[in-house]
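Here is a short tour to read with the model open beside you. We will look at charges over rings, then at strands, a disulfide and a pocket.

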Amino acid sequence: MKYLYFLCFLCFSSCYQIERNCQDFKTGTFQSTISIDGTTYTSEFTRTEKLQIERFNTKTDSASVRWINDCEMIFKTINPKNRAEQKDVHLKILTTTKDTYRFEYGYVGSSIKQKGEAKRID
């Protein structure tokens, strides 16, 4: 009976594989959409290997980018204007398609995470 369970596990686990091509999203111009408490927010950002410039409504923010691995990065606001902006943000790419990626992010050290999606627009 143990072998039957193992065989079922092997069959189902081999069919479920998430492909992530994070290298495709290290640089470029993107549109990001997140939903917080039922409200959807959209912003545009341009990312190079070491810098991200984000535009939301009429506000522009710049952050340095430090890649932890191919699919995870840390953002550090360049000119923080308050205490919240002084906290680093950790972003992890969860899944990718040809032109989009789904991600989760939160403050470094916090267990609270938000999810969103980014789409390449350049």
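A charge counts as sitting over a ring if NZ of Lys or CZ of Arg is within 6 Å of the ring centre and within 35 degrees of the ring normal. Keep in mind throughout that this is a predicted model.

With that definition in hand, start at K87: its charged end sits over the ring of Y107, 5.1 Å from the ring centre. K26 offers a second case, as its charged end sits over the ring of W67, 4.7 Å from the centre.

**Strands and hairpins**

Now to the sheet pairings, which are gathered in this table.

| Strands | Sense | Bridges | A facing pair |
|---|---|---|---|
| β1 and β2 | antiparallel | 9 bridges | T33 and T42 |
| β2 and β3 | antiparallel | 4 bridges | E44 and R55 |
| β1 and β8 | antiparallel | 5 bridges | S32 and A118 |
| β7 and β8 | antiparallel | 6 bridges | R102 and E117 |

To find these on your screen, look for β1 at residues 28–36 and β8 at residues 114–120. Strand β7 covers residues 100–107, while β2 spans 39–47 and β3 spans 51–56. Strand β1 has partners in both β2 and β8, and β8 in turn pairs with β7.

What lies between the strands of each hairpin? The hairpin of β1 and β2 has 2 residues between its strands, and D37 there takes a positive phi near 50°. Between β2 and β3 the hairpin has 3 residues. The hairpin of β7 and β8 has 6 residues between the strands, with G109 at a positive phi near 90°.

**The disulfide**

Which cysteines are joined in this structure? The model holds 1 disulfide, formed by C22 and C71 with their sulfur atoms 2.0 Å apart. This pair links distant parts of the chain, 49 residues apart: C22 belongs to the loop between α1 (2–15) and β1, and C71 to the loop between β4 (59–69) and β5 (72–77). The link is right-handed, with 95° about the S-S bond. Are these two cysteines buried or exposed? Both C22 and C71 are buried.

**Aromatic rings**

A search of the whole structure turns up 7 aromatic pairs. One of them joins F25 and F30, a tilted pair at 6.1 Å centre to centre with 50° between the planes. It counts as tilted because that angle is neither under 30 degrees, the limit for stacked, nor over 60, the limit for edge-to-face. Both F25 and F30 are buried. Ring pairs also tie F25 and F30 into a cluster with F45, Y101, F103 and Y105.

**The largest pocket**

Finally, turn to the open space in the model. Rolling a probe the size of a water molecule over the atoms shows where empty space is left. The largest pocket holds about 1000 Å³ of space. It is lined by 30 residues, of which I34, E54, D61, V89 and Y105 are the closest to its centre. Y105 is also a member of the aromatic cluster.

Which strand gives the most to this lining? That is β7, with 5 residues. At least two residues come from each of β1, β2, β3, β4, β5, β6 (89–96) and β7.

Definitions and conventions
Residues are numbered from 1 along each chain as its sequence is written. This is a predicted model: local features need pLDDT of at least 70, side-chain atom pairs count only at pLDDT 80 or more; totals for chains, interfaces and linings use all residues. Side-chain values use heavy atoms; hydrogens and water are left out. Two strands pair if DSSP finds at least two bridges between them. A disulfide is a pair of cysteine sulfur atoms within 2.5 Å. Buried means under 20% relative accessible area, exposed over 50%, partly exposed in between (1.4 Å probe, protein chains only). Rings of Phe, Tyr and Trp (its six-membered ring) pair if their centres lie within 6.5 Å; planes under 30 degrees apart count as stacked, over 60 as edge-to-face and the rest as tilted. On a 1 Å grid over the protein atoms alone, a cavity is a set of points where a 1.4 Å probe fits but cannot get out, and a pocket is an open set with protein on both sides within 12 Å along at least five of seven lines; lining residues have an atom within 4 Å of a point. Grid points are joined across faces, edges and corners, and a volume is the space filled by probe spheres set on the points.
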